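Open the structure in your viewer and keep the sequence panel beside it. We will go from one selection to the next, with a short look at each stop.

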Amino acid sequence: MAKIIIFRQKGNFGKTEKFLKNVRAGKLDAMLERYGQKGVEALAAATPKATGTTAASWYYRVTRGKDRAVITWLNSNIVDGVPIAVILQYGHGTRNGGYVEGRDYINPAMQPIFDEIAAKAWEEVKRG
């Protein structure tokens, strides 16, 4: 004898769909720009400073696709093809065979920004 399983669902995804339509329509541009700048400020403040060049070289770019928007944070301080922000984060070898250990400064600086973006997005979804 076959068993019958019945699923019932109440409600809909109207608020989520409205949020996603707003994203697609570009209505979140100001928010993306604001968080892009907040990320730059957080990275600049957290970057180890010998000369301050790397800290002052952070910038962001917002790119939009058909179904998404992306904030990318970049650093323009590149010396002899080496991105200085990356070697500060992960470490690097020296000319005389030594090694300079990296310091995780990017993740702790950006985590509060990511958390804030997620909370704001969820708030928008709930509000509809």
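## First stop: the loop before β1

Select Thr 53 to begin: with a relative accessibility of 39%, this residue counts as partly exposed. Thr 53 sits in the loop between α2 and β1. Keep in mind as you look around that this is a predicted model. Now add Asn 77 to the selection. The two residues are 24 positions apart in sequence, yet their C-alpha atoms are 7.0 Å apart in space.

Move along to Thr 54, in the loop between α2 and β1 as well. Is Thr 54 buried or exposed? Its relative accessibility is 7%, and because the cut-off for buried is under 20%, Thr 54 counts as buried. Show what surrounds it: beyond its neighbours up to four places away in sequence, Thr 54 touches Thr 47, Asn 75, Asn 77, Ile 84, Ala 85 and Leu 88.

Next, pick Ser 57, again in the loop between α2 (29-46) and β1 (58-64). Ser 57 is buried too, at 11% relative accessibility. Which residues are in contact with Ser 57, leaving aside those within four places in sequence? They are Leu 74, Asn 75, Ser 76 and Asn 77.

## Zoom out: the whole chain

Switch to a cartoon view and colour by secondary structure. You should find four helices and six strands. Followed from the N terminus, the order is α-α-β-β-β-β-α-β-β-α. The protein has 128 residues, of which 23% count as buried. Among contacts with a separation of 6 or more, 50% join residues 24 or more positions apart.

## The β1–β2 hairpin

Select β1 and β2 together. They form a hairpin, with four residues between the two strands. The pairing is antiparallel and runs over seven bridges. For one facing pair, show Tyr 60 and look across to β2, where Trp 73 stands opposite.

Then click on Val 62, in strand β1. At 24% relative accessibility, Val 62 counts as partly exposed. Measure from its C-alpha to that of Thr 72: the two are ten residues apart in sequence and 6.4 Å apart in space. Not counting residues up to four places away in sequence, Val 62 touches Leu 32, Glu 33, Val 70 and Ile 71.

## Along α2

Now select α2. Its 18 residues should span 26 Å at 1.5 Å a residue, and its end C-alpha atoms are 26 Å apart, so the two agree. Colour the buried residues of this helix: Met 31, Leu 32, Tyr 35, Gly 36, Gly 39, Val 40, Ala 42 and Leu 43. As you look at the spacing of that list, a general point helps: an α-helix has 3.6 residues a turn, so residues three or four places apart point the same way. What covers the buried residues of α2? The cover includes β1, β2 and α4.

While you are here, show the side chains of Arg 34 and Tyr 35. Arg 34 lies over the face of the Tyr 35 ring, at 5.1 Å from the ring centre. If you then look for aromatic pairs, a search of the whole structure finds one.

## Into the core

Select Tyr 35, Leu 43, Trp 58, Ile 71, Trp 73, Met 110 and Ile 113. Of the 15 residues in the largest nonpolar core, these touch the most other members. At least two residues of this core come from each of α2, β2 (69-75) and α4 (106-127). The largest share is that of α2, with six residues.

Centre the view on Met 110. Apart from residues up to four places away in sequence, Met 110 touches Gly 39, Leu 43 and Trp 73. Extend the selection to all of α4, which has 22 residues and reaches 32 Å from its first C-alpha to its last, close to the 32 Å expected at 1.5 Å a residue. Its buried residues are Ala 109, Met 110, Ile 113 and Val 125.

## Last stop: Asp 80

Finish at Asp 80, in the loop between β3 (78-79) and β4 (82-83). Asp 80 is exposed, with a relative accessible area of 73%. Check its backbone angles as well: phi is near 50°, a positive value in a residue other than glycine.

How values were computed. Residues are numbered from 1 along each chain as its sequence is written. This is a predicted model: local features need pLDDT of at least 70, side-chain atom pairs count only at pLDDT 80 or more; totals for chains, interfaces and linings use all residues. Side-chain values use heavy atoms; hydrogens and water are left out. Buried means under 20% relative accessible area, exposed over 50%, partly exposed in between (1.4 Å probe, protein chains only). Contact means heavy atoms within 4.5 Å. Rings of Phe, Tyr and Trp (its six-membered ring) pair if their centres lie within 6.5 Å; planes under 30 degrees apart count as stacked, over 60 as edge-to-face and the rest as tilted. A charge sits over a ring if NZ of Lys or CZ of Arg is within 6 Å of the ring centre and within 35 degrees of the ring normal. A nonpolar core is a set of buried Ala, Val, Leu, Ile, Met, Phe, Trp, Tyr and Cys residues joined through side-chain atoms within 4.5 Å. The expected span of a helix is 1.5 Å times one less than its number of residues. Two strands pair if DSSP finds at least two bridges between them.
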